[in-house]
Amino acid sequence: MGSTGTVVSTQCLGTMTFGKESSEEVSYAQLDRFVERGGNFVDTADVYSRGVSEEIIGRWLAARPGTRDRLVIATKGRFPMGEGPNDAGLTRTHLSQALDASLRRLGVETIDLYQAHAWDPLTPVEETLGFFDDAVRAGKIRYAGVSNFLGWQLQKASLLAQFRGLAPIVTLQPQYNLLIRDIEFELVDVCRNENIGILPWSPLAGGWLTGKYLRDQSPTGATRLGEDPRRGMEAYAPRNAQERTWQVIDALRQVAQGRGVSLSQVALAWVADRPAVTSVILGARTLEQLDDNLAAADLHLSEKETAQLDEASSPIVSDYPYGTPGVQQRSRALNPSN
């Protein structure tokens with residue numbers, strides 16, 4: 001897991017659906033199946049269903065003595081958990097309350113990975129890093145990580161922790177999939193340089209990379225977009241209008257058919273083998289979806305298959321600084337003219 005010696009499974013069970021899209025019974029079934037299949041990494045957040053996700057995990061752990069010691073449990077804090085002015089953010093005031101509340105809901109003495117859920121522009125990052133360090137020393141958390149940071153934010157946090165001798169940032173949890181590859185512009189380089197493990201969320205782009213959505217046919221039925229076609233970043237209309245979306249799905253389908261596996265498994269295998277990726281966060285609503293996702297754990301694509309997907313999903317960028325001319329200037333030969 002990043003620069004640590006802690007070993008985690010190549011897939012992480014994300015639990016944002018717990019208590020909302022997945023009932024407690026289904027959530028228990030997912031946790032049981034994940035552990036049965038060798039998974040040991042579970043990720044949640046206090047804001048998921050307003051604490052219910054953590055509570056479900058806590059009750060599941062309590063009913064299975066000895067299981068907690070075999071798992072690496074991660075959670076996050078930052079977003080509002082109340083109506084007060086100090087009920088959100090990365091301040092000592094909020095995080096101390098948020099961490100204690102997460103420990104109670106999960107029913108554990110220590111959280112293995114505690115993550116800042118997003119950057120807080122109102123709080124000096126030094127304050128947040130100091131809180132993480134104190135929490136490690138107090139035995140409340142083992143490691144600190146961040147989620148949804150930009151490149152400069154992650155680099156600043158990482159260097160400040162190093163130079164001040166504080167607990168290091170060991171992981172980054174960003175959105176990363178074949179449709180959203182923006183972290184490759186800056187964040188992947190920061191993570192590789194600072195030995196920070198990447199934990200991609202939304203590896204299936206909110207269901208788009210499963211192949212279940214059709215071109216120019218607004219989804220219906222019991223799917224995330226079927227229930228709400230305008231849902232957030234996954235909204236149907238904007239992605240349907242992009243030719244690149246369907247190029248990626250077509251390429252996925254070709255690789256999947258050649259392998260005799262699902263599109264989801266190919267998409268998960270692609271992101272799992274990207275540079276600096278430690279573990280891929282799964283977000284299944286049903287046990288059937290989880291079973292399909294877990295089947296990707298041992299799938300590795302060939303260089304030809306990877307290149308095919310890379311080409312189809314190539315991000316649209318300007319020439320400089322992220323396009324070909326800019327990339328060419330990031331290295332040089334031992335020649336004065338270069």
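## The sheet

This predicted model has an open sheet of 8 strands, paired in parallel and ordered β7-β6-β5-β4-β3-β2-β1-β8. At the edges stand β7 (197-198) and β8 (280-282); each has a single partner strand, so one side of each is left without a neighbour in the sheet.

Further in, take β3 and β4: they run parallel and are joined by 4 bridges. Looking at one of the residues involved, Ala74 has Leu113 in β4 as its bridge partner.

## Helix α3

Now for a helix. α3 covers residues 92-106, 15 residues in all, and its first and last C-alpha are 21 Å apart, close to the 21 Å expected at 1.5 Å a residue. Right after α3 comes Gly107, with a positive phi near 70°.

Plenty of names turn up on the buried list for α3: His94, Leu95, Ala98, Leu99, Ala101, Ser102, Leu103, Arg105 and Leu106. Note that His94, Ser102 and Arg105 are on that list along with the leucines and alanines. What covers these buried residues? The cover includes strands β3 (72-77), β4 (111-116) and β5 (141-147), plus helices α2 (52-62) and α4 (125-137).

## Two nonpolar cores

The largest nonpolar core counts 80 residues, and Phe132 and Leu154 are the ones with the most contacts inside it. There's also a second, separate core of 10 residues, which includes Phe41, Val72, Ala74 and Val170. That's the Ala74 whose bridge partner is Leu113.

Back to Phe132: leaving aside residues up to four places away in sequence, Phe132 touches Leu95, Tyr114, Gln115, Ala116, Ile141, Ala144, Gly145 and Ile169. One of these, Leu95, is a buried residue of α3.

## Aromatic pairs

The model holds 9 aromatic pairs. One of them brings Phe132 together with Phe131 in a tilted arrangement, 6.3 Å centre to centre with 55° between the planes. Phe131 and Phe132 are both buried.

Another pair, Trp208 with Tyr236, is stacked: the centres are 5.5 Å apart and the planes sit at 15°. Here the pair links distant parts of the chain, 28 residues apart, with Trp208 in the loop between β7 and α7 (224-227) and Tyr236 in helix α8 (residues 236-240). Are Trp208 and Tyr236 buried or exposed? Both are buried. The two also belong to one aromatic cluster, formed by Trp208, Tyr213, Tyr236 and Trp246.

Definitions and conventions
Residues are numbered from 1 along each chain as its sequence is written. This is a predicted model: local features need pLDDT of at least 70, side-chain atom pairs count only at pLDDT 80 or more; totals for chains, interfaces and linings use all residues. Side-chain values use heavy atoms; hydrogens and water are left out. The expected span of a helix is 1.5 Å times one less than its number of residues. Buried means under 20% relative accessible area, exposed over 50%, partly exposed in between (1.4 Å probe, protein chains only). Contact means heavy atoms within 4.5 Å. A nonpolar core is a set of buried Ala, Val, Leu, Ile, Met, Phe, Trp, Tyr and Cys residues joined through side-chain atoms within 4.5 Å. Two strands pair if DSSP finds at least two bridges between them. Rings of Phe, Tyr and Trp (its six-membered ring) pair if their centres lie within 6.5 Å; planes under 30 degrees apart count as stacked, over 60 as edge-to-face and the rest as tilted.
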